[in-house]
Amino acid sequence: MSKITAAITGVGAYVPEYVLTNQILETMVDTNDEWITARTGIKERRILKEDGKGTSYLAIKAAQDLINKKGIDPKDIELVIVATATPDMKAASTAAYTATNIGATNAFSFDLEAACSSFLFGMSVAARYIESGKYKNVLLIGADKNSSFINYKDRATCIIFGDGAGAVLFEPNQEGLGLQDELLRSNGEGREFLQATYGGSSYPINENTFKEGKHYVFQEGRTVFKNAVFNMADVTERIMERNQLTNDDIAWLAAHQANKRIIEATANRVELDPTKVMMNIHKYGNTTSATLPLLLHDYESQLKKDDKIIFAAFGGGFTWGSIYLTWAYNS
Ligand code: UT7
C-alpha cells in the first residue's frame with residue numbers, strides 16, 4: 001500500500017479593514033516611510049481595532065472564507081489547530097472557541113505556539129494526523145492579533161507587526177502530493193532577544209510592570225535579523241540539497257514575512273529567481289503565524305498542481321525551519 005501524503009486542498013484568509021500606513025506611523029513615533037520601506041519593505045499593515053475581538057475573531061473569519069470557498073460541511077472537520085502567538089486568553093483554548101464558532105462541532109482542537117514558526121510547525125503536525133490514516137480533514141489556521149502586545153510608542157517594533165489570519169485544509173492525497181520533507185529546529189538561547197517578558201507564568205503582570213510597559217513585545221532587532229538570515233537560508237539550502245532539488249525545480253519560495261531583506265537573503269542563498277519568491281510584506285507587515293497562509297491566499301491563483309514549494313520561517317524562541325511541499329490542485 002502506498003504511503004498517505006498530506007496535501008493542502010484549500011486556502012482562506014482574513015485581514016481587518018483598518019490600514020495602518022507608514023504615513024500614519026510617522027505621526028505616532030520618530031520614523032519615516034523611507035526608513036521603514038528601505039529597512040523592512042513594509043508600506044502598511046492591518047489592525048483589528050474593535051474592543052473585545054481577539055485572535056479567534058481573525059481565525060474564525062479566515063476559516064469561514066475557506067469553508068465557503070470549498071463548500072465543505074464544517075461538521076466533517078476532525079481537527080482544528082490554531083497556530084498563534086497571541087491567544088485570546090490564558091487557560092482557555094482559542095482553537096476550541098474557533099472550532100465551535102465555525103460549526104466544527106465534531107472536531108477536537110488545540111492551540112500551537114512557536115512564535116513566528118507556529119504555522120510552519122503546525123503544517124508538520126497537521127500532516128502527521130493525515131498521514132496516520134485516521135484523519136481526513138484537518139484545518140490549520142495561522143492567526144495573530146499582534147497589535148494586542150505592541151507598544152505604539154516603540155518605533156523598533158510598532159512599524160513591523162500587523163494583524164491577520166489564514167487557514168488551510170489538509171486532506172489525504174493518493175498521488176503522493178503534499179508535504180514531502182521538513183527540517184524544523186529551535187534554540188532556547190534566543191529567547192532573550194525577542195519576547196514579551198511580563199504576562200506569562202515567569203513574570204505575571206503587576207501594577208508596576210504594567211506602568212513600565214513590560215508586557216509589550218521587545219526585540220533586539222539586529223541579533224534577530226542576523227539569526228533569521230543565517231538560519232532560514234541554512235535550512236532552505238539543506239532541504240533542497242537532501243531532496244536533490246535545484247533552483248530550477250522550485251516553483252515558489254514561501255518565506256515568513258518579517259523583513260524583505262531576510263526573505264531576499266534566503267532566496268539569494270539558493271540562487272532563486274525573484275519572480276519565484278512570494279512577497280506580500282508591503283501590505284500586511286509581519287503577521288507572525290499568518291504570514292505563510294496569507295501568502296498562499298494571495299498567490300493561490302498562480303499555483304499549479306505539482307508545483308514544488310519551499311516554505312521557510314524563523315521566529316522567537318528561537319524557532320525556525322523549512323518544509324518542502326508539492327501543490328495539489330489548480331485553482
Ligand atoms: O518575525 C520574527 C523575527 N523577527 C525578525 O525577523 C525581525 C528582525 N529584525 C529586523 O527586521 C530589523 O533588525 C529591524 C527592521 C527591526 C531594524 O532594522 P535594522 O536595519 O536592524 O536597524 P537597527 O536596529 O540596526 O537600527 C539602525 C538605526 C538606529 O539608529 P543609529 O543607532 O544607527 O543612529 C536605530 O535607532 O535605525 C534607527 N531606527 C529607526 N529609525 C527610523 C530603528 N527603528 C527605526 C525606525 N525609524 N522605526
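The following exchange concerns the boundary between two domains in a predicted model.

Modeller: Local features here need pLDDT of at least 70, side-chain atom pairs count only at pLDDT 80 or more, and totals for chains, interfaces and linings use all residues. Residues are numbered from 1 along each chain as its sequence is written, and side-chain values use heavy atoms, with hydrogens and water left out.

Biologist: What makes 5-178 and 179-326 domain 1 and domain 2?

Modeller: Those bounds come from an automatic or database domain assignment, which divides the chain into domain 1 (5-178) and domain 2 (179-326).

Biologist: How many residues of domain 1 and domain 2 are in contact?

Modeller: Contact means heavy atoms within 4.5 Å; 57 residues of domain 1 are in contact with 49 residues of domain 2.

Biologist: What is the area buried between domain 1 and domain 2?

Modeller: About 3,900 Å², with carbon and sulfur atoms giving 62%. Buried area is the accessible area (1.4 Å probe) that two parts lose on being put together, summed over both. Cys 116, Leu 120 and Gly 178 supply 16% of the area that domain 1 buries against domain 2, more than any other three residues.

Biologist: Why is the pair Glu 175 and Lys 305 called a salt bridge?

Modeller: The term requires a side-chain nitrogen of Lys or Arg within 4 Å of a carboxyl oxygen of Asp or Glu. The side chains of Glu 175 and Lys 305 meet at 3.0 Å, N to O, and therefore satisfy that definition. The count between domain 1 and domain 2 is 3 salt bridges.
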